[in-house]
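Here are a few exercises to help you find your way around. Have a go at each one before you read its solution.

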Amino acid sequence: MYDEIYVICRNMERVMGMFSKELQELDRNTVQYMIDDMQEEINKQSAELSRQSDTIDTLKRVVEEQKKLLEQSGIVVDLI
């Protein structure tokens with residue numbers, strides 16, 4: 001086994017090939033990690049946008065209700 005390792009180490013092209021394969025695998029794993037991380041961030045932002053949209057819809061309903069109440073009271077409202 002020692003002889004085999006010695007021969008491999010003497011053959012720099014083969015050693016570099018081994019390192020190249022390992023670096024390729026590390027790069028692949030890094031890319032996948034970055035994709036997963038970005039997807040998680042997108043999911044968080046999507047959830048936040050959904051919450052904000054719900055809040056906006058609620059506020060629009062409140063404004064419409066207030067506008068109707070003011071119109072019923074005889075106050076002229078021209079906001080939007």
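A helix here is a DSSP run of H or I with at least four residues, and helices are numbered from the N terminus. Keep in mind that this is a predicted model.

**Exercise 1.** Work out where Gln45 sits and how open it is.

*Solution.* Start with the place: Gln45 belongs to helix H2. Next, take its relative accessibility, which is 44%. Exposed means over 50% and buried means under 20%, so Gln45 counts as partly exposed. Last, look along the chain to Arg10: the two are 35 residues apart in sequence, and their C-alpha atoms lie 53 Å apart in space.

**Exercise 2.** Decide whether Met38 is buried or exposed.

*Solution.* First, find Met38 in helix H2. Then check its relative accessible area: at 52%, Met38 is exposed, since the cut-off for that is over 50%. To get a feel for distance, pick Arg61, 23 residues away along the chain; from C-alpha to C-alpha, Met38 and Arg61 are separated by 35 Å.

**Exercise 3.** Describe how helices H1 and H2 meet.

*Solution.* Begin with the stretches: H1 covers residues 2-10 and H2 covers residues 12-72. Their axes are 5 Å apart, at an angle of about 90 degrees. Angles of 65 to 115 degrees count as roughly perpendicular, so that is how H1 and H2 are arranged. Now list who takes part: H1 brings Ile8, Cys9 and Arg10, while H2 brings Met12, Arg14, Val15 and Met18. Sorted by type, the contact has five nonpolar residues, two charged ones and no polar ones.

**Exercise 4.** Say what the overall build of the protein is, using its radius of gyration.

*Solution.* Count the elements first: two helices and zero strands. The radius of gyration is 32 Å, whereas the globule rule gives 12 Å for 80 residues, so the protein is more spread out than a compact globule. The C-alpha trace spans about 100 × 20 × 5 Å along its principal axes. Finally, turn to the surface: just 4% of the 80 residues count as buried, and of about 7800 Å² of accessible surface, 58% belongs to carbon and sulfur atoms.

Key
Residues are numbered from 1 along each chain as its sequence is written. This is a predicted model: local features need pLDDT of at least 70, side-chain atom pairs count only at pLDDT 80 or more; totals for chains, interfaces and linings use all residues. Side-chain values use heavy atoms; hydrogens and water are left out. Axes are lines fitted to C-alpha atoms, for helices over the stretch in contact, and angles run from 0 to 180 degrees between N-to-C directions. Angles under 35 degrees count as roughly parallel, over 145 as roughly antiparallel, 65 to 115 as roughly perpendicular and the rest as oblique. Contact means heavy atoms within 4.5 Å. Ala, Val, Leu, Ile, Met, Phe, Trp, Tyr, Cys and Pro count as nonpolar, Asp, Glu, Lys and Arg as charged, and the others, Gly among them, as polar. The radius of gyration is taken over C-alpha atoms; the globule rule is 2.2 Å times the number of residues to the power 0.38. Buried means under 20% relative accessible area, exposed over 50%, partly exposed in between (1.4 Å probe, protein chains only). Accessible areas come from the Shrake-Rupley method with a 1.4 Å probe; for residues, only the protein chains shown count as cover.
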